[in-house]
Amino acid sequence: MVDGDQLITRAAAAYSDLLQRSGGPALSDPVVRRQLTRQAEAVMHVVGRTCLHGSFSDETPADTSEHIGESRARTGIHPTQSLLAASLMFEALFPVLVGAAPRSDDVVSLGTTLEREIQRRLTVGAIPYIDYLLTRLLSSQQDERSRIARDLHDRAAHGMGAALQQLELFEHYQALDPQRADDHLATARQAMTDSVDCTRQLSADLWVRVTGTSVSDALTSYLDSAAPDTIDTNVLTSGGEPDLPDEIIQELYLVLREAVRNAILHAGPSHIVVALTTERDRFRAVITDDGCGFDVDAVITIKSVGGLASIRERTELLGGRATITAAPGRGTTVDVQIPLFDRAGTGGTR
């Protein structure tokens, strides 16, 4: 008779070892490894009771797939890591089950039952993951709409309001003091020009599509149109363009554009450098400015939405990480890194 507890212990140990040797930082993390090992124990219990004659407990362990899916999403673990974990689970558990099978013709039944149970739990875990990502995506889109609304109100509408005020002053002084009236008219004209430029820039931001061009070219074009002549800009590239689908390239561009835009509008820099590097398994973009800097912790504590939150959330939606470092008077650096996953179906990095 098969000793169910002993079989589960052997399978869990084999799975934990595979996870640790997988090389993935997420799967080799002790907390994640314990979660997945408990999942493996539960899977062994179900398959063992279904296919093997042995001493398995009548009490089925709780299915934690939904909780694991939520926690993976919240900690930024990419779905490919879940697929890899599922593949490693089959690799670890199947030999243990086959070794305990009383007849060779049980092997097909064992493999089918094991695969179905792993896939069922993977599906259950994917549902809260998708829900969480959709919530984050909607939040990111709402932040973008809020930014556009603020720009329209604070820059375009404010400029037009100032222009109207200057025109009223022009009418008031036109007969009393023609020179002063001309000054107000010139100020009104400049305010209207600035407002029109702002509106055009916002419109261009909404319509921009990084299709048929590179991320570096798109960022260079944005800097040429948005950065004033007082700021020296430079876009450096290494390793070529990242091999990513158009929709991911588009989202990546929006992340980097937001970092550049923050530097132009808020930092008051004399230099902005964008360094883009494509490596074997990741794409990295580092945006550096020599502007006024700020206290990152204080800003995040006061304001949990806006540019900084948008950069971080959008990068996490791409499976990557964004690190923002700054200090008052010492400039700001935004470091964005996203993994370049193998798209041939292996589930790992290139």
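1. Let's start with a salt bridge, bearing in mind that this is a predicted model. Arg21 pairs with Asp17, and the closest N and O atoms of the two are 2.9 Å apart. How open are these two residues to the outside? Arg21 has a relative accessible area of 58%, so it counts as exposed, the cut-off being over 50%. Asp17, at 36%, is partly exposed.

2. That pair has company, as the structure holds 8 salt bridges. Another one joins Glu316 to Arg321, with 3.7 Å from N to O. Both ends are partly exposed here: Glu316 has a relative accessibility of 27%, and Arg321 has 47%. Salt bridges can also link up into a network, and Glu117, Arg120 and Arg121 do just that.

3. Now look at Arg261 and Glu258. Their side chains meet in a salt bridge too, at 3.6 Å from N to O. Are they buried or exposed? Arg261 is buried, and Glu258 is buried as well. Both sit in helix α8, and because they are 3 residues apart there, about one helical turn separates them.

4. Next, the sheet. It is an open one built from 5 strands, and if you walk across it you meet them in the order β1-β2-β3-β5-β4, with mixed pairing. Which strands stand at the edges? Those are β1 (232-238) and β4 (321-326); each has a single partner strand, so one side of each has no neighbour in the sheet. On average, neighbouring strands are turned by 10° against each other, if you ignore direction.

5. Zoom in on one edge of that sheet. β1 runs parallel to β2 (residues 271-278), and 7 bridges join the two. To find one of them in the structure, pick Asn234: its bridge partner in β2 is Val273. As background, strands of a sheet pair through backbone hydrogen bonds, in either a parallel or an antiparallel way.

6. Back to α8, the helix from point 3. It covers residues 246-267 and lies across β2, β3 (282-289) and β5 (332-339). Its direction is at about 10° to that of β3.

7. What fills the inside? The largest nonpolar core has 34 residues. Leu252, Leu256, Ile264, Val274, Leu276, Ile287 and Val336 are the ones with the most contacts inside this core. Two or more residues each come from α7 (215-226), α8, β2, β3, α10 (307-317), β4 and β5. Which element gives the most to this core? That is α8, with 10 residues.

8. Leu256 is a good residue to click on. Leaving out neighbours within four places in sequence, Leu256 is in contact with Val215, Leu219, Leu276, Ala285, Ile287 and Val336. Apart from this core lies another, of 30 residues, including Ala11, Met44, Ala92 and Ala101.

9. Last stop: two helices, α1 (residues 4-20) and α4 (residues 79-100). Their axes come within 9 Å and cross at roughly 145°, and the crossing is right-handed. On the α1 side, the contact is made by Leu7, Arg10, Ala11, Ala14, Tyr15, Leu18 and Leu19. On the α4 side, the residues include Ala85, Leu88, Met89, Ala92 and Val96. You may recognise Ala11 and Ala92, which were both named in the core of 30 residues.

Notes. Residues are numbered from 1 along each chain as its sequence is written. This is a predicted model: local features need pLDDT of at least 70, side-chain atom pairs count only at pLDDT 80 or more; totals for chains, interfaces and linings use all residues. Side-chain values use heavy atoms; hydrogens and water are left out. Two strands pair if DSSP finds at least two bridges between them. Helices (H or I, at least four residues) and strands (E, at least two) are DSSP runs, numbered from the N terminus. Axes are lines fitted to C-alpha atoms, for helices over the stretch in contact, and angles run from 0 to 180 degrees between N-to-C directions. Contact means heavy atoms within 4.5 Å. A salt bridge is a side-chain nitrogen of Lys or Arg within 4 Å of a carboxyl oxygen of Asp or Glu. Buried means under 20% relative accessible area, exposed over 50%, partly exposed in between (1.4 Å probe, protein chains only). A nonpolar core is a set of buried Ala, Val, Leu, Ile, Met, Phe, Trp, Tyr and Cys residues joined through side-chain atoms within 4.5 Å. A crossing is left-handed if the near helix is turned anticlockwise from the far one by less than a right angle, and right-handed if clockwise.
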